[in-house]
Every structure is written in structure tokens, then in C-alpha cells.
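Work through the exercises below with the structure in view. Try each task before you read its solution.

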Amino acid sequence: MSSSTIRRTLDEFEDRIWIRKDSYQYTATPLGEVIASGMVDLIERVETERKLRDVWHWLPDVVSEYPLETWAAMTVTVADPDAPYRPVNRFESLLEGTDELRFVRPEIALMEPCFDVLWHQVDAGVDVVLVGRPHSHTYFLSTYPERSGEMMQRDNFTVLEHDDLPSHGISVLDERVAISCYERDSGTVQALIDTDAAAVREWAQSVFETYTAEAQPVDPQ
């Protein structure tokens, strides 16, 4: 900014008693500190809104009930034409670092690119429970019969099926929750929202337990 703009701004702040001249510099008054704090809160709200704006329609309704602090703690990864696999890559990085995976609606579009990582994690003893649609399990058993069949023989790998799952995926990876947002028309993963907020994890664990109780085990034959 030009020096004249800075001078006009400082004069206005002084008139409002937000700042005072202190030797060669300006310091905030108690009133100015209140205003500054309010501006910081406003900026955080705007930045959070900007982060969630394009994915809000994919999020579960329960998210809207959380306080701003919970929203601000979310990491939002969105696909774009130049990086369509950005959400998938984010999920893969979370999968690589987890010791436990609980997943409701693991779509093919998300899990197939991560299949090698999933295989290595199961082989390493990571405890995995998947609650998916019958079509998804059929696809993996027919496309990757050897690895899929071997994984299903492991005690630490459980596959369940459910006919009426939510429109988004919900996964719990240790202390972190990831919500995968699918575009129905293209069948692609458009966004991944992940967070370690305790309230979101409690909700995700409750959803997982509900669907697990209603699901049926998959027969590999």
C-alpha cells in the first residue's frame, strides 16, 4: 500500500481510539484489541466457509450442527480437472498410517486405486472392517480373485454387505474420521473431508456400529 493510504488508515484508527501513538510506533488500545480479536474470528469464519463451500451439499446433515471450531478442524481435499485423484491420494496417505480401519460404503472409485495399500496393511496385521454394497464386493472378488480371496481368509479382515447405505462414505482410521463424497453421475470421488474432532469421531463410530449390526457377512463363494 502507498504511504498515504497507510497514513489515512492510521488516522482513522486513532479517531476511533483503536490505536495510539507510542514514540515511533503505534500500539493497540484495549478497544482496538477487542476489534482485532473480532476481526480474527470473522476471518476464520470466512476461511472456513470458503473451505467447505463446494463440498457442503455432500456432507451429512449432522455436520451442520457442530460448532465452528469443529468445522475449522476439517481438512478438505477436493478434486479438480488438473488433479482428479487428489481426494483418493489423501485417503491413501491416511490408510498408510492407520492401525485400524472401519469403513461404511467403501466405493470402488476410492478403494480400487488404494487396493495395493489395503492389501499391504491387511498383510501387516491392520484390523479392517468394510461395510459395503454387494456390487462392490462382487467387483473386487471377480477382478482381484486371488488377493481378495486371500484377504477374506484373514482374521483381521471382515467384509459385510448392506443394501441401504448413506450417500457418502464414512471411515474411521484410528482417531481420524474421513467422509468421502461421491458424485453419483460420474461415480468419482469429488472430495474427502477428514478430521480428528472428537465429536465427529463419536458420530462416525455410532454410524458404523448401526450399519454393522444390520449388515450380513459376504460369502466369498
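**Exercise 1.** Where in the chain is Ile 17 found, and is Ile 17 buried or exposed?

*Solution.* The model is a predicted one. Start with the place: Ile 17 sits in the loop that joins α1 (3–15) to β1 (19–22). Next, take the backbone: Ile 17 is not a glycine, yet its phi is positive, about 60 degrees. Last, take the accessibility: Ile 17 counts as exposed because its relative accessibility is 55%, and the cut-off for exposed is over 50%.

**Exercise 2.** Locate Asp 174 and state which accessibility class Asp 174 belongs to.

*Solution.* Asp 174 lies in the loop between β7 (168–173) and β8 (176–183). The phi of Asp 174 is positive, near 55 degrees, in a residue other than glycine. With a relative accessibility of 23%, Asp 174 counts as partly exposed; buried would require under 20%.

**Exercise 3.** Describe the overall build of the protein chain, and decide whether it is a compact globule or more spread out.

*Solution.* Count the elements: the protein chain has nine helices and ten strands. The radius of gyration is 24 Å, well over the 17 Å from the globule rule for 221 residues, so the chain is more spread out than a compact globule. The C-alpha atoms fill a box of roughly 80 × 35 × 35 Å along the principal axes. Of the 221 residues, 41% count as buried.

**Exercise 4.** How far apart are the mean positions of the positive and negative charges?

*Solution.* The protein chain holds 19 positive and 41 negative charges. Their mean positions are 10 Å apart.

Note on methods. Residues are numbered from 1 along each chain as its sequence is written. This is a predicted model: local features need pLDDT of at least 70, side-chain atom pairs count only at pLDDT 80 or more; totals for chains, interfaces and linings use all residues. Side-chain values use heavy atoms; hydrogens and water are left out. Helices (H or I, at least four residues) and strands (E, at least two) are DSSP runs, numbered from the N terminus. Buried means under 20% relative accessible area, exposed over 50%, partly exposed in between (1.4 Å probe, protein chains only). The radius of gyration is taken over C-alpha atoms; the globule rule is 2.2 Å times the number of residues to the power 0.38. Lys and Arg count as positive and Asp and Glu as negative; His and the chain ends are not counted. The place of a charge is taken as NZ of Lys, CZ of Arg, CG of Asp or CD of Glu.
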